[in-house]
Amino acid sequence: MSTRIAFLKGHGTENDFVIVPDPENALDLSPAAVAALCDRRAGIGGDGVLHVVRSAAHPEARAMADEAEWFMDYRNGDGSVAEMCGNGVRVFARYLQHAGHVAEGDLAIATRAGVRTVHIAKDGDVTVGMGRARLPEGDVTVAVGERSWPARNVNMGNPHAVAFVADLAHAGDLYTAPPVSPASAYPDGVNVEFVVDRGPRHVAMRVHERGSGETRSCGTGACAVAVAAARRDGTDPAVTGTPATYTVDVPGGRLVITERPDGEIEMTGPAVIVAEGAIDAEWLARSSG
């Protein structure tokens, strides 16, 4: 291992990430190492780690290498592995552009939830094809203190429980995961979104991300919210035959989500690289223990 490991810091609507370029998958990023990197006091700080690996070099992505050269090996801030991160994909694409691997226009990125299509626009925004939502059957309830709400179970490659509330303050501090029942609906944990209306096809949300706590934004969560809102509002594109576009305000900014009649969902928003530097490899090795 070299004495210093390159990293960058980036964010998408203030959902922030430590970016670790590792094209040949030479680094062993243990859960403890990832958690140390994401520690906001003793590490670099971030909601998660974007481990940048060529698909052909990673055992979980080799089957996708013909479709997508690069694999987003995403980790939550606590070191756990996640299937997908919508804001992370945008920042991942911005890094690839920053590093000269890709230019403006279209590209494909491999994730644990499958290959995602991405468009880097001249105005700086990045649009991600987020795939289709799955809507598992069964009633779900979210609780905070003595309050509880029915929630919509939406899967965007990762699990979400979307609750419409009267006031975002009702979500509480979101330091810990809000109880969701039945627990059997989410055997691997869940991201929980609390949503209020701001206007026609315009909502605002707060989110507790599984493995990270409350974050300033969640891309897959914004998609799940738009899908749930469309069903609630009677604007399901599969029924109306017309795309449904929702503006979703998050604490860190704004995302625009469009669901098409074929079920495909697109998310558009900013992605920014803010810094780059080097990690002390000896510190990382100690942190991995």
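Me: Where is L174 found in this predicted model?
Reply: This model is predicted. Strand β10 covers residues 159-164, and β11 comes after the loop that holds L174. So L174, which counts as buried at 1% relative accessibility, is found in the loop between β10 and β11.

Me: What is phi of L174, a residue other than glycine?
Reply: Most residues other than glycine have a negative phi. L174 has a positive value. Its phi is near 60°.

Me: Is T13 buried or exposed?
Reply: T13 sits in the loop between β1 (4-12) and β2 (15-21). Phi of T13 is positive too, near 45°. The cut-off for buried is under 20% relative accessible area. T13 has 2% relative accessibility, so T13 counts as buried.

Me: Which residues does the cis peptide bond at P182 join?
Reply: Most peptide bonds are trans. Here omega is about 0°. P182 lies in the loop between β11 (180-181) and β12 (191-199). The cis bond joins S181 and P182.

Me: How many salt bridges does a search of the whole structure find?
Reply: Side chains of opposite charge can pair when their charged atoms come close. One of the pairs is D262 with R260, at 3.5 Å from N to O. D262 is partly exposed at 39% relative accessible area, and R260 is partly exposed at 32%. The search of the whole structure finds 19 salt bridges.

Me: How many residues apart in sequence are R112 and D73?
Reply: The side chains of R112 and D73 meet in a salt bridge, 2.5 Å from N to O. R112 lies in the loop between β5 (105-111) and β6 (114-120), and D73 lies in strand β4 (residues 70-76), so the pair ties together parts of the chain that are apart in sequence by 39 residues.

Me: Which residue of the R112 and D73 salt bridge counts as buried?
Reply: R112 has 22% relative accessibility, so R112 counts as partly exposed. The cut-off for buried is under 20%. At 0% relative accessibility, the buried residue is D73.

Me: Which residue forms a salt bridge with E264?
Reply: The closest N and O atoms of the pair are 2.8 Å apart. The pair links distant parts of the chain, 132 residues apart. E264 is in strand β17 (residues 264-269), and its partner is in strand β7 (residues 126-132). That partner is R132.

Me: Which residues are linked with K9 in a network of salt bridges?
Reply: A salt bridge needs a Lys or Arg nitrogen within 4 Å of an Asp or Glu carboxyl oxygen. Two Asp residues and an Arg join K9 in this network. They are D16, R40 and D47.

Me: What is the volume of the largest cavity?
Reply: The search of the whole structure finds one cavity of 30 Å³ or more. Its lining includes Y74, M84, E209 and R210. By class, the lining divides into five nonpolar, four polar and two charged residues. The volume is about 60 Å³.

Me: Which strand gives the most to the lining of the largest pocket?
Reply: The largest pocket holds about 160 Å³ of space. Its lining has seven nonpolar, two polar and two charged residues, among them P150, R152 and F164. β9 (147-155) and β10 each supply at least two lining residues. The most, four residues, comes from β9.

Conventions:
Residues are numbered from 1 along each chain as its sequence is written. This is a predicted model: local features need pLDDT of at least 70, side-chain atom pairs count only at pLDDT 80 or more; totals for chains, interfaces and linings use all residues. Side-chain values use heavy atoms; hydrogens and water are left out. On a 1 Å grid over the protein atoms alone, a cavity is a set of points where a 1.4 Å probe fits but cannot get out, and a pocket is an open set with protein on both sides within 12 Å along at least five of seven lines; lining residues have an atom within 4 Å of a point. Grid points are joined across faces, edges and corners, and a volume is the space filled by probe spheres set on the points. Ala, Val, Leu, Ile, Met, Phe, Trp, Tyr, Cys and Pro count as nonpolar, Asp, Glu, Lys and Arg as charged, and the others, Gly among them, as polar. Buried means under 20% relative accessible area, exposed over 50%, partly exposed in between (1.4 Å probe, protein chains only).
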